[in-house]
Amino acid sequence: MEIIKVEDRNSVLIEQLVTVWKNSVKESHLFLSDTEIDNIQQYVRQALAGISHLIVAKKGSGIPIAFMGIEGRKLEMLFVSPEERGHGVGKNLLVYGIQEYAVSDLGVNEQNPEAKGFYEHMGFKVYKRTETDEQGMPYPILYIRL
């Protein structure tokens, strides 16, 4: 596995990352309907294009298997292809983010207990909870930090 900071956010890469995002969300965000996922997907390309630091994990084939986006010291997104979950990809990305960008904060959906457990396993602790997400939708967010 190779971890790279993306400088050239070309349309082919963005579409590959949208696919990783959608497959990951369908697997891990069971509280979202297909319609809700499709609605959120409309904003994913813009988020990928606008995030300050976009880091991608690729396999030998060069196809992205996971990615994360960092803004300041906050992890804004981390998504892993379902078939790669449990193989250390997310951990490797997060450690890279902590070492290279001093990542220390993030928000995670309360309704995604596996993600919450992963971040807690990595040393993060919940410090705040909101009833809605950043878009005002009724998905509680847990804010956690190292």
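**Notes on the predicted model: two residues, a pocket and two cores**

1. Asn92 is partly exposed, with a relative accessible area of 36%. That value puts Asn92 in the middle class because it falls between the 20% limit for buried and the 50% limit for exposed. Please keep in mind as you read on that this is a predicted model.

2. Where does Asn92 sit? You will find Asn92 in helix α4, which covers residues 89–101. Setting aside residues up to four places away in sequence, Asn92 touches Met1 and Ile3. If you would like a distance to check in your viewer, try Asn92 and Ile144: they are 52 residues apart along the chain, and their C-alpha atoms are separated by 19 Å.

3. Ser28 is worth a look next. Is Ser28 buried or exposed? Its relative accessibility is 15%, so Ser28 counts as buried, the limit being under 20%. Ser28 belongs to helix α1, residues 11–28. The side chain of Ser28 reaches the backbone oxygen of Ser24 at 2.8 Å. Beyond four places in sequence, Ser28 touches Arg85 and Asn112.

4. Now to the largest pocket, which holds about 1400 Å³ of space. It is lined by 44 residues, and those closest to its centre are His29, Glu76, Met77, Phe79 and Asn109. Elements giving two or more residues to this lining are the helices α1, α2 (34–41), α3 (44–50), α4 and α5 (113–121), together with the strands β4 (74–80) and β5 (105–109).

5. Which element gives the most to the lining of the largest pocket? That is β4, with seven residues. Sorted by class, the lining of the largest pocket has 23 nonpolar, twelve polar and nine charged residues.

6. A word on the interior. In soluble globular proteins, nonpolar side chains tend to be buried together. Here, the largest nonpolar core has 22 residues, of which Leu75, Leu78, Leu94 and Tyr119 touch the most other members. At least two residues of this core come from each of β2 (53–58), β3 (64–71), β4, α4, β5, α5 and β7 (141–145).

7. Tyr119 makes a handy starting point for exploring that core. Leaving out neighbours within four places in sequence, Tyr119 is in contact with Leu75, Leu78, Leu94, Leu106, Val108, Phe124 and Ile144. Apart from the largest core lies another core, of 19 residues, including Val18, Val20, Leu48 and Tyr139.

Conventions:
Residues numbered from 1 in each chain as written. Predicted model: local features only at pLDDT ≥ 70, side-chain atom pairs only at ≥ 80, totals over all residues. Heavy atoms only, no water. Helix = DSSP H or I, 4+ residues; strand = E, 2+ residues; numbered from the N terminus. Buried < 20%, exposed > 50% of the residue type's maximum accessible area, 1.4 Å probe, protein only. Contact = heavy atoms within 4.5 Å. Polar contact = N/O pair within 3.5 Å; in protein donor to acceptor, adjacent residues only side chain to side chain. 1 Å grid on protein atoms, 1.4 Å probe; cavity = no way out; pocket = protein on both sides within 12 Å on 5 of 7 lines; lining within 4 Å. Points joined across faces, edges and corners; volume = space filled by probe spheres on them. Nonpolar A, V, L, I, M, F, W, Y, C, P; charged D, E, K, R; others polar. Core = buried A, V, L, I, M, F, W, Y, C linked by side-chain atoms within 4.5 Å.
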